[in-house]
Amino acid sequence: MDTSTARSTALSTDLSTLGTLGTETRNERTAHLDGMPVADLLTAMNDEDQTVALAVRRALPRIAEAVAAAEAALRRGGRLIYLGAGTSGRIGLLDAVECPPTFGTAPEQVMGLLAGGPGAFITAVEGAEDDPELAVADLEAAGLSSADVLVGLAASGRTPYVIGGLRHARATGAATVSVACNADAEVSRHADVAIEVVTGPEVLTGSTRLKAGTAEKLVCNMLSTATMVRLGKVYGNLMVDVRATNAKLVDRARRIVVQATGAEPDDAERALAQAGGHAKTAIVMLLTGMTCDEAAEALRRGDGSIRSATGTGTFTG
């Protein structure tokens, strides 16, 4: 049996059980969706959405393990890489592109790979999710190494593209995390940390852009945010590594410095100007009386943590 035939046979086996997955079964609570008044339809959707956060809560211990893996990868110079197809891949890519402006990360430090390439974010690429070798090629092109952590997102838990990527990452020695919205998901068998957020039947049968997509977004929110907090890119609950690249963010950076230090707005603005717009450096300057160069050096020695740079201690846990 050649490779393409074997792949096709495996895919056929996967599809034979697709209808039994919780995300594919029919939701009896919305069986008459097309006959509902709009107000009732929206209430039904909202009721179903209420269950998603509770499903995520049940997965928190595994999400915490994933945060530890991501933190370790980034501390050793590796990357957090999301991998997925369709809605799942778009959610990973969305989280990745928000990290540089929010946390000041380098664009390549957190990245998202989508089956079919970046163009698939807008227009679906037919068959891309069914090819596990495509994920291998994408990861090789991205230079995956043993320092990285790969997060495979698959609402169904059986997407061949994601499984192929997780297998390759494991063979490379990278840490692996899977996120699925069904119990006992196939992707879970190929990951060091398996996150299963069981969201159940969708309001619209099989439309996993709904509850499953929401669950995946919540997990990605937690994973990236908690990891960046652990890496010292947050002070209190302030995004002190924000990149002030437009008028709104320049104003936000000024307000962040004021909130973090209690300084007057004019003093915060002057410190920011001396720090080249870097809120974290300005905060250390105002809290300690250091010069800009001294504050920058203290942050470097403190691994980017304001608490370490100012000698006010660090959070543990």
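Which residue stands opposite Val-151 in E4? In this predicted model, the residue that stands opposite Val-151 is Val-177 in strand E4. The points below start from this strand and its neighbours, and then turn to charged side chains that pair elsewhere in the chain.

**Strand E4 and its partners**

- Strand E4, which spans residues 175–180, is mostly covered, with 6 of its 6 residues counted as buried.
- The covering applies to both faces of E4, since Ala-175, Val-177 and Val-179 are buried on one side, while Thr-176, Ser-178 and Ala-180 are buried on the other.
- Strand E3, made of residues 149–154, runs parallel to E4 and is joined to E4 by 6 bridges.
- Together with helix H6 (residues 160–172), strands E3 and E4 make a β-α-β unit that is right-handed.
- Strand E5 (residues 193–196) also pairs with E4 in the parallel sense, here over 4 bridges, and within this pairing Ala-180 stands opposite Glu-196 in E5.

**Salt bridges between distant parts of the chain**

- The count of salt bridges in the model comes to 16, and one of them joins the side chains of Glu-48 and Lys-211, with an N to O distance of 2.9 Å.
- This pair links distant parts of the chain, as Glu-48 lies in helix H2 (residues 38–58) and Lys-211 in helix H7 (residues 211–230), 163 residues apart.
- Glu-48 counts as buried because its relative accessibility is 5%, under the 20% cut-off, and Lys-211 is likewise buried, with a relative accessible area of 2%.
- Asp-241 and Lys-280 form another salt bridge, in which the closest N and O atoms are 2.9 Å apart.
- Here too the pair links distant parts of the chain, with Asp-241 in the loop between H7 and helix H8 (247–261) and Lys-280 in helix H10 (residues 279–288), 39 residues apart.
- Asp-241 counts as buried at 8% relative accessibility, and Lys-280 is buried with a relative accessible area of 4%.

**A pair within one helix, and a network**

- The side chains of Glu-297 and Arg-301 meet in a salt bridge with an N to O distance of 3.7 Å.
- Because Glu-297 and Arg-301 are 4 residues apart in helix H11 (residues 292–301), about one helical turn separates them.
- Glu-297 counts as partly exposed at 31% relative accessibility, whereas Arg-301 is exposed, with a relative accessible area of 58%.
- Salt bridges also link Glu-71, Arg-75, Arg-230 and Asp-303 in a network.

How values were computed
Residues numbered from 1 in each chain as written. Predicted model: local features only at pLDDT ≥ 70, side-chain atom pairs only at ≥ 80, totals over all residues. Heavy atoms only, no water. Buried < 20%, exposed > 50% of the residue type's maximum accessible area, 1.4 Å probe, protein only. Helix = DSSP H or I, 4+ residues; strand = E, 2+ residues; numbered from the N terminus. Pairing = 2+ DSSP bridges. Right-handed = clockwise from strand over helix to strand, strands pointing away. Salt bridge = Lys/Arg side-chain N within 4 Å of Asp/Glu carboxyl O.
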